[in-house]
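Colleague: I am new to this model and would like to go through it with you, one question at a time. Could you show it first?

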Amino acid sequence: MLWPHARFRRPRNVEQQQRVADARRASPESERWLELLDAALGESDHSAAWNAAVPEPAADRPVKAPLLARGEITVDGRAVRGWVRRLLARAAPASSRRIDGVPLLEAALDQDDARLDAVAAAAGAEPNVVRVVAQMAALPLLQACGRQLAGALPATWWEGYCPLCGAWPVLAEYAGLERQRRLRCGRCGTAWAVPLLRCAFCDETHHENLGYLEPEGAEEMRKVELCHTCKGYLKGLATVRPLAPWALLLDDLSTVHLDVAALERGYQRPARPGYALETRVTARPRAALFGFGRSRPRAGV
Ligand SMILES: [Zn+2]
Ligand SMILES: [Zn+2]
């Protein structure tokens, strides 16, 4: 065997790496964001650790609550803190040791900006940087939940927020000749079918209150859904195949000019989260990871 350690390497998805490299060239102003996204996508490949943290859906969650609502999530505390510290070291090095990754992960899952801002303030860090780090910190777990809980999703779901994690959709896909509309979550990658004439944000169904912005030329596959009632907008894309979960945020970045067009016309994405999850994230005691009350010896100790 020429390469005895080769089995420990995890070859990254080639298409994914290519798309990230393309995005870096096309959007140099988003380099820092892309660096964090790239790290989060790489971390998502380490799926065994994150798969182990995927919770059972809570039995007592309210009607119309996403699967992760009131989820009791037990994580490997050392792994989560190390992961968040690595992200912070890239984005906010001065505060990387002052922020506990476990409560940060919980606030990120819940999309609780007020809690994230409090974490940032306590650590003397820039709130917007902490919000982005938190978004990326939660991505590997949310993508693992998207993969593992797909079979538990309700057969029909007409709410505008993600049936798995409660986020607003980042994209509407129109699939096939009949143009079936599927909303896509940029966090967990979940897809759910919702009728074409229904605002994702306020449930408006009157066609005279719903419209489109339609870019011309090469972008004929794209449009922006507009709701005149709540002034919300959602980017849309005609697709043959659904985008891979990891590709959704890259697609969102590459179409930021459509966001600008909608914002210039007075439309917005809702500031509030689709559904506040109220998860509880706790760190599993280290000894319990390996049974028998023993800790695994640490390298070099
Ligand atoms: Zn989701
Ligand atoms: Zn609306």
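Colleague: Is Cys-162 buried or exposed?
Modeller: This is a predicted model, in which local features need pLDDT of at least 70 and side-chain atom pairs count only at pLDDT 80 or more, while totals for chains, interfaces and linings use all residues. Residues are numbered from 1 along each chain as its sequence is written, chains are lettered from A and ligands numbered from 1 in the order in which they are written, and side-chain values use heavy atoms, leaving out hydrogens and water. Buried means under 20% relative accessible area, exposed over 50% and partly exposed in between, with a 1.4 Å probe and protein chains only. Cys-162 has a relative accessible area of 0%, so the residue is buried.

Colleague: Which geometry has the site of the zinc ion (ligand 1)?
Modeller: Cys-162, Cys-165, Cys-185 and Cys-188 coordinate this ion through their SG atoms at 2.3 to 2.4 Å, where donors are N, O and S atoms within 2.8 Å of the metal (3.2 Å for Na, K and Ca), and water is not among the atoms, so sites may look incomplete. Four donors count as tetrahedral if all angles lie between 85 and 135 degrees. The angles among the four donor atoms of the zinc ion (ligand 1) are 96 to 123°, and the site is tetrahedral.

Colleague: Is Cys-227 buried or exposed?
Modeller: Cys-227 is one of the protein donors of the zinc ion (ligand 2), lying 2.3 Å from it. Cys-230, also a donor there, is partly exposed at 33%. Cys-227 has 2% relative accessibility and therefore counts as buried.

Notes:
Tetrahedral: all angles 85-135°; square planar, octahedral: opposite > 155°, others 65-115°.
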